[in-house]
Amino acid sequence: MINIADRIKSVEEYYFSKKLQEVRSLDSHDFPIINLGIGSPDLAPHASVIQALNDSAAQDDVHAYQSYRGTAELRKAIADYYTRYFHVELNSDREILPLVGSKEGIMHITQAFVNPGEKVLVPNPGYPTYAAVSNLAQAKIGYYDLKEENNWQIDIEAIEKMELDQVKLFWLNSPHMPTGVQYSIAVLQKLVVLAKQHEFLIVNDNPYSMILNTDYQSILSIDGASEVAIELNSLSKSHNMAGWRIGWCAGKQEFVDAILKVKSNMDSGMFKPMQLAATEALNLGNDWFESLNKIYHKRRKLAEQILLKLGCSFSNNQQGLFLWAKLPAGHTSSEELVDQLLYGYKVFLSPGFIFGTQGQGYIRISLCANENQFKTALDRLQNYQS
Ligand SMILES: Cc1ncc(COP(=O)(O)O)c(C=O)c1O
């Protein structure tokens, strides 16, 4: 009898990994499922990005193992991107580490900074990976609640009342998934002060800042933040490159070096043609984001109509790839409504409970489907009674 490790018992298989099998089993040619559940961009990267990949993949000298730190050109393009959009100056040799997607960074950072038994604060609702990875690292998890009555902003007073001296790592995600809120500068400043006082590291996970948002923010632009904060970012959503797995972390050298120690023992660099293509993507002009956001804007209007048809209420001021909405009166279980829509109308949305207890009573609709799919979903729901 071979037993699995105890740490595995502390985590569940990722919700979508199981649920999408069920969703696929209901799919049929005549009545296809409309999947508005997951945030996986359905559009292609810019043509020049594909071209860069194609051109370089045909060369002989690009197929070897690559540096653990990524190419100098990619790091420089990331630094330029941070200057251009976030007004943050980074040393491209020392303060940037390309990653195989930002998700792996969540594990690397946890391994680099958190000892078993140390405390990690994660948002509720929030991206489930923060807690799952903390569990795998045998950390203690504390949740900070985000609430609709507080416009989903971080309640700094509530945080101040926590036993912060025990906290090692604070997961921040701004713009926040699933609520679509971007935290105010004042909130970020107060968090930085708390992190200095209580000596914890803030990690801002920032993959959504370029989507349906023009007020681009980085935690690293806050005064004094570089002493206590790291930022994760990625091309997954901003450049339609989720499957390419290209992200990075940025922060002071000491932090980046610690993360590199973990990472260099886990992978062996990133395929060079992908790094060249990622460099091309990062060097695109602002017109890339304008055209991308035009598409998402139209989709959001249709998503709003679906939510209104369902009797849900929501804020019109959400950033990122989703709309987060409150269930109509009389509905308390997001899972029940999601299954009713899945089985009755073959439309799949995400139930809010998967993001934490504060997500119960809410649903999340993704903008990663084309306008026709949104219109078909609306047609199917014409007779829906909430
Ligand atoms: C909040 C948040 N962080 C990180 C990720 C992971 O992104 P990446 O594709 O860069 O690994 C996601 C993906 O959905 C996300 O929603």
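Helices and strands here are runs assigned by DSSP, counted from the N terminus, with a helix needing at least four residues and a strand at least two. With those labels in hand, let's walk through this structure, which is a predicted model.

Take P328 to begin with. You'll find P328 in the loop that sits between strand β10 (322-326) and helix α13. Is P328 buried or exposed? Buried means under 20% relative accessible area, and P328 has a relative accessible area of 8%, so P328 counts as buried. What does P328 touch, once you skip residues up to four places away in sequence? The answer is L310, G311, C312 and S386. Look at C312 in particular: C312 and P328 are 16 residues apart in sequence, yet their C-alpha atoms are 4.9 Å apart in space.

Now follow the chain from that loop into helix α13, which covers residues 334-345 and packs with helix α2, residues 15-25. Two packed helices are described by the angle between their axes and the distance between those axes. For α2 and α13, the angle is about 25° and the axes are 10 Å apart. Because angles under 35 degrees count as roughly parallel, α2 is roughly parallel to α13. Their crossing is right-handed. On the α2 side, the residues in the contact are K19, E22 and V23, and on the α13 side they are D339, L342 and Y343. Sort the residues of this contact by type and you get three nonpolar, three charged and no polar.

Next up is the sheet. Strands of a sheet pair through backbone hydrogen bonds, either parallel or antiparallel. This sheet is an open one with seven strands, in the order β2-β8-β7-β6-β5-β3-β4, and its pairing is mixed. Which strands are at the edges? They are β2 and β4 (140-145), each of which pairs on one side only. From one strand to the next, the twist averages 20°.

Let's zoom in on β8, which spans residues 247-250. G247 and C249 point one way from this strand, W248 and A250 point the other way, and all are buried. One neighbour of β8 is β2 (residues 96-99), joined to β8 by four bridges and running antiparallel to it. In that pairing, I96 stands opposite A250. Strand β7 (residues 229-234) is also joined to β8 by four bridges, again antiparallel, and here S234 has G247 as its bridge partner.

For a parallel pair, jump to β3 (residues 119-124) and β4, which pair over six bridges. There, K119 stands opposite K140 in β4.

Helices pack on this sheet too. Helix α5 (residues 102-113) touches β2, β5 (167-172), β6 (201-205), β7 and β8, and its direction makes about 155° with that of β7. Helix α8 (residues 185-198) lies across β5 and β6, running at about 165° to β5.

Finally, α5 has a helix partner as well: its axis and that of α6 (residues 128-136) come within 10 Å and cross at roughly 40°. This crossing is right-handed. K103, I106, M107 and T110 in α5 meet T129, Y130, V133, S134 and L136 in α6. How do the residues of this contact divide by type? Five are nonpolar, three are polar and one is charged.

Terms used
Residues are numbered from 1 along each chain as its sequence is written. This is a predicted model: local features need pLDDT of at least 70, side-chain atom pairs count only at pLDDT 80 or more; totals for chains, interfaces and linings use all residues. Side-chain values use heavy atoms; hydrogens and water are left out. Axes are lines fitted to C-alpha atoms, for helices over the stretch in contact, and angles run from 0 to 180 degrees between N-to-C directions. Angles under 35 degrees count as roughly parallel, over 145 as roughly antiparallel, 65 to 115 as roughly perpendicular and the rest as oblique. A crossing is left-handed if the near helix is turned anticlockwise from the far one by less than a right angle, and right-handed if clockwise. Contact means heavy atoms within 4.5 Å. Ala, Val, Leu, Ile, Met, Phe, Trp, Tyr, Cys and Pro count as nonpolar, Asp, Glu, Lys and Arg as charged, and the others, Gly among them, as polar. Buried means under 20% relative accessible area, exposed over 50%, partly exposed in between (1.4 Å probe, protein chains only). Two strands pair if DSSP finds at least two bridges between them.
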